[in-house]
Amino acid sequence: MRVCASLSSASELNETSTRMVEIRLDLLGSVPDAPGRDLLVTYRGDIDLSILPEGFSGMIDIGEEPRPETKVRIVASHHDFEGTPSAERIASILNGMDCDVSKAAFSVRDLRDLTSILDAARSMKRKHVILGMGPLGTVTRIRASLLGNEFSFGYVGEPTAPGQLSAARMEELGDDCMITGVLGNPLSKSKSPQMHNAAIRAAGINGIYLPFEAPDLDQVEEVIRGYDIRGMNVTIPFKQDIMDHVDCVDRDASAIGAVNTVVNDKGRLSGHNTDVVGIHEALTRAGFEAEDRRILIMGTGGAARACAHYMNSRGCDVTITGRNAEKGSALASDFGANFRDPKSVSTMMYDLVVNCTPVGMYSDGPYPINISTIQAEQAVFDMTYGKETPLVKHALSRGCKVARGEDMLAGQGAASFAMWTGVTDAFAVMREQL
């Protein structure tokens with residue numbers, strides 16, 4: 001990967017070791033003296049060649065302005081901040097440019113946009129740079145060689161485009177780094193990137209873990225395979241739907257009916273559920289033994305399914321409750337559990353109350369049930385993390401055993417990490433990061 005450091009000020013020239021440097025005239029105003037560097041001078045608007053130093057041997061980016069009369073190598077560039085067109089349209093834009101290198105950057109809104117960029121890059125016969133803007137487009141910046149890009153951009157001080165990584169990080173990663181990530185919507189509060197990237201650093205692995213916030217799963221297989229992504233964690237709301245997009249699922253995932261981990265083994269995608277590992281880790285650390293106990297589960301999504309499966313395997317009497325009676329009844333039926341309307345639930349009937357809803361993390365409540373009736377002899381497990389929720393505060397005030405969502409997250413994350421990397425001791429690093 002050839003990295004071009006995009007400067008936002010002249011002083012940053014001394015802060016980067018990259019050989020190729022972008023001088024944006026709209027930010028710097030002039031071309032600084034930079035011996036030993038390959039310069040890309042980027043214009044915005046009229047092309048004034050007189051601003052170039054005598055003997056200039058770099059390239060100039062003219063945007064979409066007419067090609068000037070010069071022997072200097074020309075980069076023409078197109079930016080679409082609204083979205084990404086089809087692969088055919090991208091190729092048409094790039095092939096229609098009068099230049100030495102065609103460059104285009106597109107705002108990436110979904111996984112289909114990523115495949116459009118990939119397919120367009122595969123069809124190109126001329127020198128090009130095709131990049132995706134925004135967090136979902138970061139993967140295009142890393143996989144420069146895979147896309148056939150002449151170079152890729154990184155920032156020095158502050159990002160000069162959405163989705164950029166630093167030039168130093170780009171050079172460190174190179175073309176063949178391991179990419180993993182988390183797939184879901186929303187991901188704004190997800191701690192998985194910080195947790196996994198800490199584990200990657202601690203293990204000495206050349207890799208990065210990225211957020212893939214997408215509105216749907218259309219073409220997710222093509223993205224994982226096409227961009228050579230080693231694996232993904234899967235979270236709300238895709239844990240069940242992702243099962244239709246993998247080649248096989250393991251026993252736990254099949255029994256649960258939900259996948260939270262995808263492994264890409266040379267193009268063969270397998271689905272796994274490591275939530276059960278996280279559940280066991282959290283309960284064990286709280287000192288709660290689940291065998292033959294009475295369990296109340298709030299929620300009807302993928303995490304609730306994993307919890308019902310785990311408790312079933314330990315002979316527990318499981319009750320499901322939630323506001324969606326149809327989903328709750330179906331979940332209960334799948335696992336031989338009982339469904340109760342939240343209004344008819346008495347928490348005192350249960351040894352453990354488990355929150356598998358987004359309340360406390362993505363929603364500020366209220367909970368489906370009245371949590372004020374929980375007493376000291378009961379245990380509480382809140383799968384949310386990142387703050388002390390009303391449920392956890394109440395449980396602690398009553399002297400309950402409390403299983404933490406942070407322990408579950410680190411437990412399931414470490415299990416996923418082991419599947420992707422073979423490193424089996426990542427829990428402590430991940431938990432410390434949380």
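A residue counts as buried under 20% relative accessible area, as exposed over 50%, and as partly exposed in between. With that in mind, open the model, which is a predicted one, and select R112, which at 27% relative accessibility therefore counts as partly exposed.

Add D218 to the selection: the side chains of R112 and D218 meet in a salt bridge, 3.1 Å from N to O. R112 lies in helix α3 (residues 111–123) and D218 in the loop between β10 (207–213) and α7 (220–226), so the pair ties together parts that are 106 residues apart in sequence. D218, at 35% relative accessibility, also counts as partly exposed. Now include D110 and D216, since salt bridges that share partners join D110, R112, D216 and D218 into one network.

Next, select helix α9 (residues 275–286) together with helix α13 (residues 405–421), whose axes come within 7 Å and cross at roughly 135°. The two helices are therefore oblique to each other, and α9 passes α13 in a right-handed crossing. On the α9 side the contact is made by D275, V277, G278, I279, E281, A282 and R285, and on the α13 side by D407, M408, G411, Q412 and A415.

Stay with D275 and add K239, for the side chains of these two residues meet in a salt bridge (2.7 Å, N to O), and both K239 and D275 are buried.

Finally, move to D407, whose side chain meets that of R431 in a salt bridge (2.6 Å, N to O). D407 is in helix α13 and R431 in helix α14 (residues 427–433), so this pair ties together parts 24 residues apart in sequence.

Conventions: Residues are numbered from 1 along each chain as its sequence is written. This is a predicted model: local features need pLDDT of at least 70, side-chain atom pairs count only at pLDDT 80 or more; totals for chains, interfaces and linings use all residues. Side-chain values use heavy atoms; hydrogens and water are left out. Axes are lines fitted to C-alpha atoms, for helices over the stretch in contact, and angles run from 0 to 180 degrees between N-to-C directions. Helices (H or I, at least four residues) and strands (E, at least two) are DSSP runs, numbered from the N terminus. Angles under 35 degrees count as roughly parallel, over 145 as roughly antiparallel, 65 to 115 as roughly perpendicular and the rest as oblique. A crossing is left-handed if the near helix is turned anticlockwise from the far one by less than a right angle, and right-handed if clockwise. Contact means heavy atoms within 4.5 Å. A salt bridge is a side-chain nitrogen of Lys or Arg within 4 Å of a carboxyl oxygen of Asp or Glu. Buried means under 20% relative accessible area, exposed over 50%, partly exposed in between (1.4 Å probe, protein chains only).
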